[in-house]
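Work through the following exercises with the structure at hand, and try each task before reading its solution.

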Amino acid sequence: MTALLLWLTAIPVVSAMPAIQHWVTDNGARVYFVPAPELPMVDINVTFAAGGVRDDGHAGLAHMTSTLLDMGAAGLSADEIARRIESLGAELSTGSARDMAWIKLRSLSDGAHLPPALKLLADVINRPDFNKQDFERERKRTQVAIQRSEQSPSTVAEYTFFQSTYGDHPYGPRPSGTVDSIGALKLKQLKAFYKQYYVARNAVFSIVGDLDRAAAERLAEQVIGQLPAGKRAPAVVPVPALTKAGEQRIYHPSTQTHVRMGAPGMHRGDPDYFPLYVGNHVLGGGGLVSRLFEEVREKRGLSYSVNSYFSPMEQDGPYLLSLQTRNDQVDEALAVMRKTLQDYVDKGPTKKELTASKKNITGGFPLRIASNSSILDYLNVIGFYDLPLNYLETFNDKVMAVTREQIVNAFQRRVAPDIMETIIVGGES
Amino acid sequence: MRSLLATGLFLASQLVLAAGAVHEYQLDNGLKVIVREDHRAPVVVSQVWYRVGASYEHDGITGVSHVLEHMMFKGTDDHPAGEFSRIISENGGSENAFTSTDYTAYFQRLEKSRLPISFELESDRMRKLHLQEEEFIKEINVVMEERRLRTEDKPTALTYEQFAATAFISSSVRIPTIGWMNDLENMQLSDLQHWYERWYAPNNAILVVVGDVDPEAVLKLAKKYFGPLKPEVIVPPKPRIEPAQKGKRELTVKAPAEVPYTIMGYKAPVLATAEMDWEPYALEVLANVLDGGDSARLTRDLVRGSQIATSAGAGYDLYDRQAGLFLLDGTPAGSSTVADVQEALFEQIQQLQDEPVTDEELTRIKSSVVASAVYELDSIFYQAMKIGQLEAVGLDWRLADEYVDRINAVTAEQVQAVAKKYLVEEALTVAVLDPLPMETGRAPRPASNGGSHGH
């Protein structure tokens with residue numbers, strides 16, 4: 001043991017820090033770039049403020065728009081786009097969530113591969129065709145995917161939690177839509193959505209890879225230089241706090257019952273971000289080491305996975321506690337979870353727990369930026385949520401500066417165990 | 001074709017430059033140590049692989065390898081339960097473990113100066129695990145919860161489990177890694193004790209380290225911590241070779257579900273069992289012709305073309321320890337049925353047997369394989385995984401580096417030949433998930449503790 005304790009000194013991180021380069025294209029897109037010359041490849045993420053939060057009562061609109069981008073563009077069919085991309089060994093994908101929608105490209109960086117891959121990326125972003133037959137096919141596929149997701153008690157608990165917690169706020173509906181809402185969509189709505197939100201001022205363009213600044217500038221120009229400037233999407237409206245507790249039990253023919261409990265938590269750039277983040281690490285964010293893991297799994301064997309996390313979004317994303325257990329044990333497991341949370345909000349972490357969590361977070365920092373793909377994800381978050389360019393450089397110092405008192409104070413102001421939504425999905429005991 | 005060849009050569013040389021050197025050692029007690037350098041970031045991943053998994057098990061104790069994996073976090077003579085994870089966590093590490101058909105592996109990701117901590121703790125639990133009844137009673141419940149989560153409540157996983165147990169009647173490939181529920185319910189601490197003593201020893205393990213390290217320093221460290229451990233007499237599992245299948249097998253799984261599903265599999269050799277060593281690579285190419293991306297045949301023809309399926313796939317793993325299956329699966333679209341999807345999949349197979357795949361398809365697959373070999377270098381964890389996986393099933397880690405060349409050497413005739421030889425009805429098993437009504441929401445369970453629903 002003494003030999004091990006000797007290792008508990010601070011880990012140097014400054015040398016590992018990538019320098020983030022940032023500029024804005026003539027038409028207003030924000031570009032973030034980190035050169036990574038070690039491997040002959042380039043990763044690109046183009047993200048638009050075009051997520052489900054913009055659906056405006058037509059759940060699934062953002063999702064379907066994103067899905068259709070690479071299903072026909074610049075006169076090339078879906079088959080032809082896929083054939084060309086894969087013949088280059090490149091990987092192109094689209095995706096969307098509540099706040100955002102993105103297009104990602106991974107390609108080899110040499111002159112034979114990257115330019116034609118970029119041409120296809122530019123086609124998909126600038127010139128999607130929105131063909132009728134592709135729309136009808138993808139609509140049906142999405143409906144089957146939604147139906148299939150109903151088989152999962154975990155998925156049902158998750159979307160019911162959002163519906164109950166956010167109600168009429170745009171964070172409430174499922175971003176994938178429902179079978180009915182997808183069925184009601186019209187192609188012209190997708191086209192209008194695309195025209196409004198897939199514009200340069202609404203875009204964040206992140207690049208990590210084997211190229212220099214001049215090449216990165218040309219690359220960004222080639223891919224979105226021709227996109228109309230347009231307007232940045234308006235800010236998402238603030239989330240109202242819950243005013244009273246709610247509980248729903250939903251029958252599902254499963255052997256386990258899934259629990260989601262929580263409330264609106266915090267947003268990106270939140271003044272309480274670090275106390276809440278570090279504080280939650282002690283309670284349920286530390287992987288195999290946390291209070292919830294200890295109380296629910298290690299001491300009682302009640303659940304395979306149990307955790308809590310803040311999911312910061314443009315506005316307050318959820319603070320969510322989750323577990324799943326055999327149907328007849330759910331009341332016991334839920335009681336343990338509630339008591340653990342209440343104790344933590346009342347008293348906060350011990351000095352020892354706080355020190356241990358800080359060591360895990362700061363000591364693990366080099367791991368978070370150890371690959372091109374993880375750096376790309378950070379660039380996108382920093383750009384999309386207007387975080388400072390030195391966010392990564394100052395991260396460890398901010399974690400270290402958090403005090404026990406700040407955590408207790410932030411949790412008591414921001415986390416109310418008696419005003420939470422609890423969703424319980426499972427079978428009979 | 002010429003431009004492809006030129007590109008291939010260009011990339012192969014780049015690949016050699018980009019991939020770090022590999023150093024292989026063996027300690028006197030039999031522990032194999034493999035180190036791959038990757039100096040891009042000041043981090044390291046350390047993995048200890050044991051040659052034991054579900055395919056080493058037999059009826060009555062299924063799942064024992066995986067339960068033991070859980071118990072490996074429950075304390076040694078020197079470190080009480082949970083301390084392993086606490087120490088790794090305080091050192092900024094992330095860690096976990098996984099069990100598969102052919103292996104059990106434990107890993108930590110750490111800042112590079114922390115590697116000795118991983119070695120001290122892993123060497124300790126390699127020989128000095130202290131299995132305790134009170135910890136076991138709790139943990140076996142956690143594993144049963146994991147089984148409910150991963151299998152019981154997932155209709156497609158449940159279908160796959162019964163499908164594999166039908167496709168194989170003797171080979172241990174049929175054993176689900178998580179174990180049958182009744183075997184978990186009847187598992188004893190002594191089962192784990194025997195299993196631990198039988199398989200957990202340096203001469204049945206491989207230590208893989210990838211990251212910003214000096215290989216000689218890693219060897220020195222490995223000698224210090226793992227060197228003193230005593231080897232064990234390891235008796236390899238019996239071969240349990242599957243008797244030849246004599247005709248098509250079919251099964252139906254009725255379970256609450258919203259969407260029907262079908263999975264089918266043909267008996268197929270793997271690298272370790274193939275009579276001709278090009279065959280598994282030809283089967284890999286075959287799987288990619290059908291399901292190597294959005295331009296592959298199943299998505300192009302079944303999902304986008306005829307629109308019979310909303311999704312369809314093919315899969316094959318050439319690196320398993322024992323002969324396995326060439327898999328196909330699909331979910332019907334809208335008005336089509338499982339039978340329509342099956343018929344469309346059979347048509348695809350017929351076509352592969354009748355006509356050689358096109359040059360363009362081969363070119364696409366080969367380009368993807370070359371590019372993927374570069375992309376994989378972005379993850380030190382994945383680099384370590386590939387080395388460990390091969391060594392754990394008794395194959396040479398160098399096979400991973402040969403993969404690109406072996407795929408490049410596959411011809412259209414070879415793909416057609418394996419399609420004719422292996423995708424035959426006598427060797428086929430077909431499963432169907434037949435959905436029972438879900439009845440969700442129709443009869444909401446009354447709130448038992450008076451909770452109200454408010455917003």
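**Exercise 1.** Determine which residues on the other side of helix H8(B) are exposed, and establish which residues of the helix are buried.

*Solution.* In this predicted model, Ser190(B) and Glu197(B) are the exposed residues on that other side of H8(B). Turning next to the buried residues of H8(B), which spans residues 189-199 of chain B, one finds Leu192(B), Trp195(B), Tyr196(B) and Trp199(B). Viewed down the helix axis, these buried residues of H8(B) fall within an arc of 100°, and therefore they line one face of the helix. As a last step, consider what covers them: the cover includes strand S3 (43-50) and helix H2 (64-71), both of chain B.

**Exercise 2.** Describe how helices H13(A) and H16(A) pack, and identify the residues that make their contact.

*Solution.* Helix H13 (residues 351-363) and helix H16 (residues 391-401), both of chain A, pack at an angle of about 180°, with their axes 10 Å apart. Because angles over 145 degrees count as roughly antiparallel, H13(A) is roughly antiparallel to H16(A). H13(A) contributes Lys358(A), Ile361(A) and Thr362(A) to the contact, while H16(A) contributes Asn396(A), Val399(A) and Met400(A). Sorted by class, the residues of this contact comprise three nonpolar, two polar and one charged.

**Exercise 3.** State how many residues each chain brings to the contact between chain A and chain B, and classify those on the side of chain A.

*Solution.* The contact takes 73 residues from chain A and 76 residues from chain B. On the side of chain A that touches chain B, there are 28 nonpolar, 26 polar and 19 charged residues.

Key
Residues are numbered from 1 along each chain as its sequence is written. Chains are lettered from A and ligands numbered from 1 in the order in which they are written. This is a predicted model: local features need pLDDT of at least 70, side-chain atom pairs count only at pLDDT 80 or more; totals for chains, interfaces and linings use all residues. Two residues are in contact if their C-beta atoms, placed from the backbone, lie within 7 Å. Ala, Val, Leu, Ile, Met, Phe, Trp, Tyr, Cys and Pro count as nonpolar, Asp, Glu, Lys and Arg as charged, and the others, Gly among them, as polar. A residue is buried if 20 or more other C-beta atoms lie within 10 Å of its own, exposed if 12 or fewer, and partly exposed in between; C-beta atoms are placed from the backbone. Helices (H or I, at least four residues) and strands (E, at least two) are DSSP runs, numbered from the N terminus. The arc is that of the directions from the helix axis to the C-beta atoms. Axes are lines fitted to C-alpha atoms, for helices over the stretch in contact, and angles run from 0 to 180 degrees between N-to-C directions. Angles under 35 degrees count as roughly parallel, over 145 as roughly antiparallel, 65 to 115 as roughly perpendicular and the rest as oblique.
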